Amino acid sequence: MSDIIVSIDDVSLFLPGDSSQKHVLHNISWQVRRGAHCALLGPNGSGKSTLLRLMRGELWPAKGRIQWHGPNGAEDSPLAGRAMTALVSPAQQENYQRQAWDLTGRDLLLTGFEDTPLVYTDSTAFRRQAVDDMAARLDAEGLLDRTVPTFSQGQLRLLLLGRALLRAPTLLLLDECDEGLDERYRQIFFETLGEYASRCTVVMTAHRAANIPDWCTGRRYVRNGRLLTAPPAGDAPDEATQALGSDAATNDEPAHGSGHIMLDLDNATVFIDRLEVLRNISWCMHQGENWRITGANGSGKSTFLRLLAGDEFVAAGGSLEYWLPSQSGHVNTLEAVRKGVRLVSDLSQALYGYSLNALDMVCTGFDNSIGVYRRFSEAERTEAKSRMALMFPEESAERLEQIGQQSIRHLSTGQLRRLFLARALVGGPDILLLDEPCSGLDAASRAQYLHLLDQLAAQGIQMIFVSHHNEDAPLCINREAHMESGRLRVVL
């Protein structure tokens, strides 16, 4: 038994706060052994993240038993699980974004030693040196003195990964660990993770085969809350599912500069916490254009989308003008901007801290509000349900009704990603701003999502798309710009 880290015996569980007590994991049995690195594979909503939380000690079985095997033998206290493991997940990242604590990057890394959200004790010289060494290894020294709210999605994810590695846990649990990292940071992280793989055992979830290191040879498959040792019959490989939607119709590329100007930026500079993030950007978007914005983590892409969505503002000396057909042309109020321009991003999802059911959350898109502040009409609920049906074409009407009544806190990251697009679509916006929209989606859902974006483009909804993965760009993209150090350069 000395090589066993976690033993799970016939465990079933339901999520905390679920009054129905419906099991989301069923009869799980698994012995995780030292050095047996393993990838958990399965579609969105299958139970992968829930299984990691069980192994972490954050969830408790309704049936069966879980034990952690440490130097003092087998223990069944969740505290033993917390002591032996470290978890990096989208939910953890969302919590830091939602709380917006005034932590520096150095403080964030220091919290890893005690596995606390904040720093509660003075750090030793040894720990401070270890933090500096980890930042240097991750090429993230420039983040140490910046505060967490100023980080990009990828920068925060990178430091959370470094935080987990600093703790040197016996079992490292990684839930879609590299989503949001650009190519350079992804390479740095996996090289660093490989160096630690001889010291800890890694169990990771992944929706992209290319994101599983060669040394992570084990495989387990999660389907409908059950753990399998072999892929279910009929599973399609990633390449096949990603090919879905390849027949989607593309827009004819417009002549550059044709059509009415919908977004017009002139000499725009944006400051966040007195830090200049965007610098002197002059750019415009015409009717018929669908843009892709590329750039490294921290270059300013997400801030650029938040500016266009009305969540950030141009400093004195610059301007941003809107022309939105759904809002009768030129608009000069934030209310009209937020109705005609919709943003879907990790951050907007993270900041939605309300525990609403899925249908109500989609309905909040009519006012582009965070939380419910009025009763929605039957017509609005009907439209919201139709948008949800677009997001889940594989589900029956009965299953969609069940999803609509579920708390968004009980849905997977991938399911939430699709619901936030449904929320953005209600009310008929003119422009969609999509910041890493395929993050957390399995291959089949990713293909369906991109196919839907092409369909929406054919219907006249324009989009600005940000992604670090070339294969994630929809076919309708016909313009491209590159962001570097807060400056935007048109490529195509």
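Okay, so Val270 sits across from Leu278 of strand S12. Bear in mind this is a predicted model. Those two belong to a hairpin, with strand S11 covering residues 261-272 and strand S12 covering residues 275-286. The strands run antiparallel, and eight bridges hold the pairing between them. What happens at the turn? There are two residues between S11 and S12, and Asp273 has a positive phi there, near 50 degrees.

Right, on to a helix. H14 spans residues 397-405, and which of its residues are buried? They're Leu400, Ile403 and Gly404. Look down the axis of H14 and those buried residues fall within an arc of 100 degrees, so they line one face of the helix. The background is simple: an α-helix has 3.6 residues a turn, so residues three or four places apart point the same way. And what does that buried set on H14 pack against? Two helices: H12, which is 358-363, and H13, which is 378-391.

Last bit, cysteines. How many disulfides do we count? Zero. Take Cys476: the nearest cysteine sulfur belongs to Cys438, and it's 12 Å away. A disulfide needs the two sulfurs within 2.5 Å, so Cys476 is in no disulfide. So is Cys476 buried or exposed? Buried, with 1% relative accessibility. Cys363 is buried as well, and its relative accessible area is 0%.

So if you're clicking around in the model, try Val270 opposite Leu278, then the buried residues of H14, Leu400, Ile403 and Gly404, and then Cys476, which has Cys438 as its nearest cysteine by sulfur.

Key. Residues are numbered from 1 along each chain as its sequence is written. This is a predicted model: local features need pLDDT of at least 70, side-chain atom pairs count only at pLDDT 80 or more; totals for chains, interfaces and linings use all residues. Side-chain values use heavy atoms; hydrogens and water are left out. Buried means under 20% relative accessible area, exposed over 50%, partly exposed in between (1.4 Å probe, protein chains only). Helices (H or I, at least four residues) and strands (E, at least two) are DSSP runs, numbered from the N terminus. The arc is that of the directions from the helix axis to the C-beta atoms. Contact means heavy atoms within 4.5 Å. Two strands pair if DSSP finds at least two bridges between them.
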